[in-house]
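Please look over the two-chain model below. The report that follows takes selected features in turn, beginning with one backbone oddity.

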Amino acid sequence: MIEIKNVTKIYNGGKAGEVKALDNVSLSIEDGEFVAVTGESGSGKSTLLNLIGALDAPTQGEVIVGGRDISRLSEEQAAKFRRENVGFVFQGFYLEESFSVLVNVEIPLILRGAEEKAREARAREMLAKFDLADKEDALPAQLSGGQMQRVCIARALAGGAQLILADEPTGNLDSKSGSAVMDVFRTLAQEGVTVVMVTHNKEFAARCDRVIELKDGRVQ
Amino acid sequence: MKFKDIAVFAFNDWKKHKGRFFITALLCLLVATLIFAVTYIAFSTQATAREDMRMYVRERDGVVQVNVDSIGAGKDEEGYAVMPAHLRLLEERLSAVGEVQGIKKYETTHTVDFAGASVRVRAAEDGNITVASGAGMEEAPENGVWISAYYAALAEKYLHINDMVGKSFSALIGDRQISFTVAGVLAEGEEGIYAKSEYLYKTGAAEIRSAEISVKIPDGEYSTMDALSAAVGGAEAEVYPQGGAFSSPALSRYNELKTASALTAVLAAAVAVFFALLMFSVLRNNAVIGVYDNIRLYALMRCMGVKRTDIGLMAAAEISVCAAGASLLAMGVSHAFSRLCARAASAILNSNARVFAWEWWVDIACIVAFTVFAAAYVAVTLHKTIKRKNLLSTMRREV
């Protein structure tokens with residue numbers, strides 16, 4: 001379960017360019033819930049994702065994930081938290097172009113020092129789960145947008161993450177591919193994975209369990 | 001991550017992204033070559049300057065001139081030149097550096113108005129003052145002068161002075177009125193007034209306009225030239241505090257060479273720093289070339305739970321391979337252009353000498369400095385970038 005308690009996030013506090021990205025936000029997300037975060041540009045969506053993913057710390061308030069307050073972690077603790085609990089999915093995929101699909105999915109496992117055989121097995125398992133078993137030797141450039149995003153999701157889950165933070169994952173996809181990605185997320189949620197997805201697409205947002213709309217750093 | 005894991009990942013990343021790192025290495029090679037080239041030119045300039053000085057002295061068989069110019073300088077308390085003493089001091093100082101082979105003086109003489117008639121102090125044809133020797137000359141008072149029998153007779157005839165010896169007179173010498181005592185009368189038939197040379201100079205009856213001292217020095221090494229410079233400078237400071245009276249073409253060339261080579265070294269250092277900064281600026285600002293293109297992977301790794309420090313180490317290790325390899329190659333390339341470096345040094349100094357010089361420890365220092373600087377620069381820049389607040393927005397926008 002994710003609990004956001006009275007979280008305020010201010011960038012450049014006390015300086016000329018001070019920005020209040022989140023203003024006393026409180027919300028909670030259940031395990032296995034598929035939540036859409038919407039709002040205009042600059043409304044605080046990415047900031048919220050950053051805080052839930054322990055990439056940044058709130059100026060005030062608490063961010064509790066799985067019963068653990070992650071708002072005051074050291075760099076090392078935050079890195080460990082991300083490594084063990086969080087998978088990121090990006091609009092731009094961020095697949096390494098010169099790595100094969102299999103190696104791309106292996107990256108989180110390589111980073112945690114997993115044995116070659118074990119990580120290849122896990123990567124293949126993930127690719128099979130997302131119908132990409134026949135693409136393991138392909139390079140990202142040889143895949144369609146929808147396939148690339150599925151590789152991205154496989155990579156996010158390869159390390160055993162139970163929380164997916166997706167930053168506009170359908171932004172670069174056509175509606176059909178986007179819809180397929182939404183199906184994947186839905187399936188994952190049913191398996192108990194919590195999915196928090198930032199999106200501008202109202203149709204896709206409506207397919208989530210819940211929509212959190214942000215405006216000027218506040219939940220509407 | 002353990003250090004081994006970082007190293008392994010960096011190695012694999014390097015292998016996988018040869019293209020990116022090749023571009024980075026190429027940039028490093030270009031800049032490092034320029035840095036090595038200017039470094040070698042600076043060293044070659046120093047060596048060429050030393051060789052030029054050695055050649056200069058060799059061509060003159062080791063004999064160098066020191067000139068003394070009395071115009072507007074070298075006056076004693078009464079306002080008169082006291083050159084002989086100064087020359088002796090300079091000669092003494094120069095003797096410590098080499099063998100003084102000769103002193104050439106250029107003198108002028110004045111007319112002396114004595115006993116109602118204008119007479120000229122006797123001077124030899126070559127311009128050197130000749131002072132007649134005579135009995136008692138050495139024992140004569142300091143301001144004692146000798147007169148010829150002819151003038152003694154004139155004095156007796158018109159001034160009714162029977163015995164001039166021991167008598168004091170006033171005379172106009174140049175534009176000064178001085179007193180003197182007649183020390184003696186020279187043999188009949190000899191014309192002129194005679195005095196001890198020291199007295200002639202003191203009274204201004206004779207002046208040394210300039211002089212040249214020839215000194216044979218052992219070689220044209222900087223240490224010898226330093227000693228020569230110290231001797232001349234020391235003597236000048238002692239007798240002509242205002243300076244500008246002593247000069248030496250050899251010392252002028254020496255100072256010219258030293259200044260030019262020092263300026264070259266400073267300029268080379270500035271150019272090297274400029275090139276290094278330029279390269280890092282390019283690496284930093286252009287996200288699509290070289291190792292900086294890898295930042296997408298580094299940012300992703302942070303999202304995947306790798307510490308920024310580990311990512312920085314990884315990037316540093318990767319860029320180090322580029323920078324070290326490139327600078328090693330650059331060193332070789334620059335060595336291949338050694339003749340060009342020597343020619344540049346020769347042109348800078350306007351010298352016939354042409355020497356290529358380098359130091360192994362400078363090569364090592366350059367490679368290490370360049371590599372460390374590149375690694376630190378990239379690591380720190382990367383550290384800042386992936387630390388940026390709202391990394392996800394940053395990635396979307398920039399990465």
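## Asn6 in strand β1

Asn6(A) sits in strand β1 of chain A. The model is predicted, and in it Asn6(A) takes a positive phi of about 45 degrees without being a glycine. Is the residue buried or exposed? Asn6(A) is exposed: 11 other C-beta atoms lie within 10 Å. The cut-off for exposed is 12 or fewer, so the count of 11 qualifies.

## The four-stranded sheet of chain A

Strand β1(A) belongs to an open sheet of four strands. The order is β2-β1-β4-β5 (chain A), and the pairing is antiparallel. β2 (19–29) and β5 (68–69) of chain A are the edges. Each has a single partner strand, so one side of each lacks a neighbour in the sheet.

β1(A) and β2(A) run antiparallel and are joined by seven bridges. Within that pair, Ile4(A) has Leu27(A) of β2(A) as its bridge partner. Strand β1 (residues 2–11) also pairs with strand β4 (residues 60–65) of chain A, again in the antiparallel sense, over five bridges. Here Ile4(A) stands opposite Val63(A) in β4(A). Helix α1 (residues 45–52) of chain A packs on this sheet. α1 touches β1, β2 and β4 of chain A, and its direction makes about 120 degrees with that of β1(A). A further bridge partner in β4(A) is Gln60(A), which is matched with Thr8(A).

## The six-stranded sheet of chain A

Another open sheet has six strands, in the order β6-β7-β8-β3-β9-β10 (chain A). Its pairing is mixed. The edge strands are β6 (86–90) and β10 (218–219) of chain A, each pairing on one side only.

How do β6(A) and β7(A) run? They run parallel, and five bridges join β6(A) to strand β7 (residues 163–167) of chain A. Gly87(A) has Ile164(A) in β7(A) as its bridge partner. Helix α5 (residues 145–158) of chain A packs on the sheet and touches β6 and β7 of chain A. Its direction makes about 165 degrees with that of β6(A). Helix α6 (residues 175–190) of chain A lies across three strands: β3 (34–39), β7 and β8 (194–198) of chain A. α6(A) runs at about 150 degrees to β8(A).

## How α5 meets α6

The two helices also meet each other. The axes of α5(A) and α6(A) come within 9 Å and cross at roughly 25 degrees. Angles under 35 degrees count as roughly parallel, and α5(A) and α6(A) are therefore roughly parallel to each other. The crossing of α5(A) past α6(A) is right-handed.

Which residues make the contact? From α5(A) come Gly145(A), Gly146(A), Gln149(A), Arg150(A) and Ile153(A). From α6(A) come Ser177(A), Ala180(A), Val181(A) and Val184(A). The residues of this contact divide into four nonpolar, four polar and one charged.

## Glu168 in the β7–α6 loop

Glu168(A) lies in the loop between β7 and α6 of chain A. Its phi is positive, about 50 degrees, although Glu168(A) is not a glycine. Buried or exposed? Glu168(A) is buried, with 20 other C-beta atoms within 10 Å. The cut-off for buried is 20 or more, so the count of 20 meets it.

## Chain totals

Chain A has seven helices and 10 strands. Of its 220 residues, 50% are buried. Among contacts in chain A between residues at least 6 apart in sequence, 71% join residues at least 24 apart.

Chain B comes to 12 helices and 10 strands. Here 41% of the 399 residues count as buried. For contacts in chain B with a separation of 6 or more, residues 24 or more positions apart account for 80%.

## Where the chains touch

The contact between the chains takes 27 residues from chain A and 23 residues from chain B. Which elements of chain B give two or more residues to the side that touches chain A? They are α1 (3–16), α8 (295–303) and α12 (391–397) of chain B. The residues on that side of chain B divide into 11 nonpolar, four polar and eight charged.

How values were computed
Residues are numbered from 1 along each chain as its sequence is written. Chains are lettered from A and ligands numbered from 1 in the order in which they are written. This is a predicted model: local features need pLDDT of at least 70, side-chain atom pairs count only at pLDDT 80 or more; totals for chains, interfaces and linings use all residues. Two residues are in contact if their C-beta atoms, placed from the backbone, lie within 7 Å. Two strands pair if DSSP finds at least two bridges between them. Axes are lines fitted to C-alpha atoms, for helices over the stretch in contact, and angles run from 0 to 180 degrees between N-to-C directions. Ala, Val, Leu, Ile, Met, Phe, Trp, Tyr, Cys and Pro count as nonpolar, Asp, Glu, Lys and Arg as charged, and the others, Gly among them, as polar. Angles under 35 degrees count as roughly parallel, over 145 as roughly antiparallel, 65 to 115 as roughly perpendicular and the rest as oblique. A crossing is left-handed if the near helix is turned anticlockwise from the far one by less than a right angle, and right-handed if clockwise.
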